[in-house]
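Me: I have a model open and want to learn how to read its features. Can we take them one at a time?

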Amino acid sequence: GLGDVYKRQALNLAVVIPASAQASNWRHVFSTPMERLIGREIHVDRASIKPGRLGLIFKERHIILKGNGIQKAGSSMDFERTVDCKGGRSQTYRTSIYSANGKRSPDNGPQESPVKRVDWDSVDGGVLRLVCHGTLP
């Protein structure tokens, strides 16, 4: 399953995003083959990770590689998230959605999701594990 793919990718985690974006400290979380499999690039802003809310707060960005009827390829979503690393809980508390041409969507979804248990073997759990362990590429 996807958890097994994540585990195989864990040793070959990432490629740093292009130099032009490094100043903002955004980092690819997964390798290109993993991104193709899940249909999106996932980036975390390393500089945004700090104590707050449930434990740590950080910014995350998804860039859609494969359109899915709701989101077109090239569109993106920015999230502000929090994670309780020891208690295994997470929450998204702000979401911004952008079209492929960079225009912000007026319908940006719920601004605060319920706190949920982390599935450490999922793609999301893999992202949170890297944030919690401070091992982002």
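Me: Start with the cross-links. How many disulfides does the count come to?

Reply: Remember that this is a predicted model. A disulfide is called when two cysteine sulfur atoms lie within 2.5 Å. By that rule the count here comes to one. The partners are Cys85 and Cys132, with sulfur atoms 2.0 Å apart.

Me: Which parts of the chain does the pair link?

Reply: Distant ones. Cys85 is in the loop between strand 5 (76-84) and strand 6 (89-98). Cys132 belongs to helix 4 (residues 123-133). The two cysteines are 47 residues apart.

Me: Is the link of Cys85 and Cys132 left-handed or right-handed?

Reply: Look at the angle about the S-S bond. For Cys85 and Cys132 it is -90 degrees, and the link is left-handed.

Me: Why does Cys85 count as partly exposed?

Reply: Partly exposed covers the range between the 20% limit for buried and the 50% limit for exposed. Cys85 has a relative accessible area of 27%, so it falls in that range.

Me: Now backbone angles. What is the general idea for phi?

Reply: Most residues other than glycine have a negative phi. Arg53 is not a glycine, yet its phi is positive, at about 50 degrees. Find Arg53 in the loop between strand 3 (50-52) and strand 4 (55-64).

Me: Is Arg53 buried or exposed?

Reply: Exposed. Its relative accessibility is 52%, and the label applies because that is over 50%.

Me: Which ring does the charged end of Arg53 sit over?

Reply: The ring of Tyr93, 3.9 Å from its centre. Another case is Arg61, which lies over the face of Trp26 at 4.2 Å from the ring centre.

Me: What about rings against rings? How many aromatic pairs does the count come to?

Reply: A pair of aromatic rings is described by the distance of the centres and the angle of the planes. Here the count comes to zero aromatic pairs.

Me: Step back to the fold. How many helices and strands are there?

Reply: Four helices and seven strands. Along the sequence the pattern reads α-α-β-α-β-β-β-β-β-β-α.

Me: How do I read burial and contacts for the whole chain?

Reply: Use fractions. Of the 137 residues, 40% count as buried. The accessible surface comes to about 7,600 Å², and 53% of it belongs to carbon and sulfur atoms. For contacts, take those between residues at least 6 apart in sequence: 41% of them join residues at least 24 apart.

Technical notes:
Residues are numbered from 1 along each chain as its sequence is written. This is a predicted model: local features need pLDDT of at least 70, side-chain atom pairs count only at pLDDT 80 or more; totals for chains, interfaces and linings use all residues. Side-chain values use heavy atoms; hydrogens and water are left out. Buried means under 20% relative accessible area, exposed over 50%, partly exposed in between (1.4 Å probe, protein chains only). Contact means heavy atoms within 4.5 Å. Accessible areas come from the Shrake-Rupley method with a 1.4 Å probe; for residues, only the protein chains shown count as cover. Rings of Phe, Tyr and Trp (its six-membered ring) pair if their centres lie within 6.5 Å; planes under 30 degrees apart count as stacked, over 60 as edge-to-face and the rest as tilted. A charge sits over a ring if NZ of Lys or CZ of Arg is within 6 Å of the ring centre and within 35 degrees of the ring normal.
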